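Q: Hi! I'm new to this one and would like a friendly tour. Could you show me the structure before we start?

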Amino acid sequence: PGNEVQGNEFVVGGVKELSFSSGFNITSNVLASTTLCMFRVSATSTLIFASGQVSSSTQGQTSQYEWGKSTAQNSTTTSLGTFSLATLIKGTLVASSTNGVAAVDPREVFAPNDYLTLKVGDTRGKQGTCRAKLIVN
């Protein structure tokens, strides 16, 4: 297997990185929008990568997923990307700042205490994993 280091804040070559990982396993039949994963960013940072992998979707109809950022918990005020998945279909939504477009304050820049959140329109029978990596500015 190899070496493993636990923790979510590391300095590599003078660059501080924030790494997050969380699983979700929703078994209830909730029809409302629900947070699957949420990560609180501790310092002004730029999103490098966020993925939401749905490994099991057993009930319901097509579901809409969204990565977003917000100053409030369980919210996606600024959308970073959306996708739809039909029942029983596996999929991954990736949000990334590798679009090559420069901006003064792009949507991928997070202020201290901002939240990175993955939400879904209905949660019937959803399982999966969220992962994210940011670099502190």
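Q: Thanks! Let's begin with charges: which side chain meets Glu-108 in a salt bridge?
A: That would be Arg-107, with an N to O distance of 3.8 Å. Keep in mind as we go that this is a predicted model.

Q: And is Glu-108 buried or exposed?
A: Glu-108 counts as buried, because its relative accessibility is 7% and the cut-off for buried is under 20%. Arg-107 is partly exposed, with a relative accessible area of 42%.

Q: How many salt bridges does the structure hold?
A: There are 3 salt bridges. Besides the pair we just discussed, Glu-9 and Lys-16 meet through their side chains at 3.0 Å, N to O. Glu-17 and Lys-133 form another, with an N to O distance of 3.0 Å.

Q: Where in the chain do Glu-17 and Lys-133 sit?
A: They come from distant parts of it: Glu-17 lies in strand 2 and Lys-133 in strand 10, 116 residues apart. Lys-133 is partly exposed, at 30% relative accessible area.

Q: What about Glu-9, how accessible is that?
A: Glu-9 is partly exposed, with a relative accessible area of 36%. Its partner Lys-16 is partly exposed too, at 33%.

Q: Switching topic: how many disulfides are there?
A: The count is 1 disulfide. Cys-37 and Cys-130 form it, and their sulfur atoms are 2.1 Å apart. The link between Cys-37 and Cys-130 is right-handed, with 85° about the S-S bond.

Q: Which strands does that pair link?
A: Cys-37 belongs to strand 3 and Cys-130 to strand 10, which covers residues 126-136. The two cysteines are 93 residues apart, so the pair links distant parts of the chain.

Q: Are those cysteines buried or exposed?
A: Cys-37 is buried, with a relative accessible area of 3%. Cys-130 is buried as well, at 0%.

Q: Now the inside. Which residues touch the most other members of the largest nonpolar core?
A: Those are Leu-36, Phe-39, Tyr-65, Trp-67, Leu-116 and Leu-118, in a core of 24 residues. Strands 2, 3, 4, 5, 6, 9 and 10 each supply at least two residues of this core.

Q: Which strand gives the largest share?
A: Strand 2 does, with 4 residues.

Q: Tell me about Phe-39. What is Phe-39 in contact with?
A: Leaving aside neighbours within four places in sequence, Phe-39 contacts Phe-20, Ser-21, Ser-22, Trp-67, Asp-114, Tyr-115, Leu-116, Cys-130 and Ala-132. You may recognise two of those names: Trp-67 and Leu-116 are listed with Phe-39 among the core members that touch the most others, and Cys-130 is a partner in the disulfide.

Q: One last spot: where is Ala-43 found?
A: Ala-43 sits in the loop between strand 3 (34-40) and strand 4 (45-57).

Q: Why does Ala-43 count as partly exposed?
A: Because its relative accessibility is 21%, while buried would need a value under 20% and exposed one over 50%.

Q: And what does Ala-43 touch?
A: Not counting residues up to four places away in sequence, Ala-43 touches Phe-110, Ala-111, Pro-112 and Val-136. Asn-137 is another residue to look at here: Ala-43 and Asn-137 are 94 residues apart in sequence, yet their C-alpha atoms are 8.0 Å apart in space.

Key:
Residues numbered from 1 in each chain as written. Predicted model: local features only at pLDDT ≥ 70, side-chain atom pairs only at ≥ 80, totals over all residues. Heavy atoms only, no water. Buried < 20%, exposed > 50% of the residue type's maximum accessible area, 1.4 Å probe, protein only. Contact = heavy atoms within 4.5 Å. Disulfide = S-S within 2.5 Å. Core = buried A, V, L, I, M, F, W, Y, C linked by side-chain atoms within 4.5 Å. Salt bridge = Lys/Arg side-chain N within 4 Å of Asp/Glu carboxyl O.
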